[in-house]
Amino acid sequence: MSDRISLHGLRVRGHHGVFDFERRDGQDFVVDVELELDLTRAAASDDVTDTVHYGELAGRLAEVIAGEPVNLIETLADRLAAVCLADARVTAATVTVHKPQAPIPLEFADVAVTVRRAR
């Protein structure tokens, strides 16, 4: 499938991590998603109901990020991919979860996990 919808830089505060202070204090997570789907119908109809409404998708993703804590961003990424695939029109989803405030005692630019899930 060559058609894609991308949402990059969704920043939401969550309480994920293996350390107690991460669960207690929380931190920002930044999420990028790329959906693969056929956009032919939406392009022809010019109707938002014929595509994935990226504003609504962002809201559902934010609920998961701000919701029930998990230990690993791998688990979080998998849950976010499931949200993307809940729309039957989406054939595959690539999700990257960035944890820019990860508790690493060295200087770093980013830590991220990327998963791709397909039907």
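Here are some friendly notes on the predicted model shown above.

1. **Start with the overall layout.** The chain contains four helices and four strands. If you trace the chain from the N terminus, the elements come in the order β-α-β-α-α-α-β-β. As you rotate the model, keep in mind that the C-alpha atoms fill a box of roughly 50 × 25 × 20 Å along the principal axes.

2. **Inside and outside.** How much of the chain is buried? Of its 119 residues, 43% count as buried. The chain exposes about 6700 Å², and carbon and sulfur atoms supply 52% of that area.

3. **Contacts across the sequence.** Look at contacts between residues with a separation of 6 or more: 61% of them join residues 24 or more positions apart. It is worth picking a few residues and checking who their partners are.

4. **Charges.** There are 13 positive and 20 negative side chains in the chain. The centres of these two sets lie 4 Å apart.

5. **A ruler check on helix 4.** Helix 4 covers residues 73-85, which makes 13 residues. What span should we expect from end to end? At 1.5 Å a residue, the helix should span 18 Å, and its end C-alpha atoms are indeed 18 Å apart, so the two values agree.

6. **The buried side of helix 4.** Which residues of this helix are buried? They are I73, L76, A77, L80, A81, V83, C84 and L85. Try reading that list with the helical turn in mind: an α-helix has 3.6 residues a turn, so residues three or four places apart point the same way. The cover over the buried residues of helix 4 includes strand 2 (27-37), helix 3 (54-66), strand 3 (90-98) and strand 4 (112-118).

7. **D87, just after helix 4.** D87 sits in the loop between helix 4 and strand 3. Is D87 buried or exposed? D87 counts as buried because its relative accessible area is 17%, and the cut-off for buried is under 20%. Beyond its neighbours within four places in sequence, D87 is in contact with V52 and R119.

8. **D46, another loop aspartate.** D46 belongs to the loop between helix 2 (40-45) and helix 3. With a relative accessible area of 72%, D46 is exposed, since anything over 50% counts that way. Its backbone deserves a look too: D46 has a positive phi of about 60°, although it is not a glycine.

Terms used: Residues numbered from 1 in each chain as written. Predicted model: local features only at pLDDT ≥ 70, side-chain atom pairs only at ≥ 80, totals over all residues. Heavy atoms only, no water. Helix = DSSP H or I, 4+ residues; strand = E, 2+ residues; numbered from the N terminus. Expected span 1.5 Å × (residues − 1). Buried < 20%, exposed > 50% of the residue type's maximum accessible area, 1.4 Å probe, protein only. Contact = heavy atoms within 4.5 Å. Areas by Shrake-Rupley, 256 points an atom, 1.4 Å probe, with all protein chains shown as cover. Lys, Arg positive; Asp, Glu negative; His and termini not counted. Charge placed at Lys NZ, Arg CZ, Asp CG, Glu CD.
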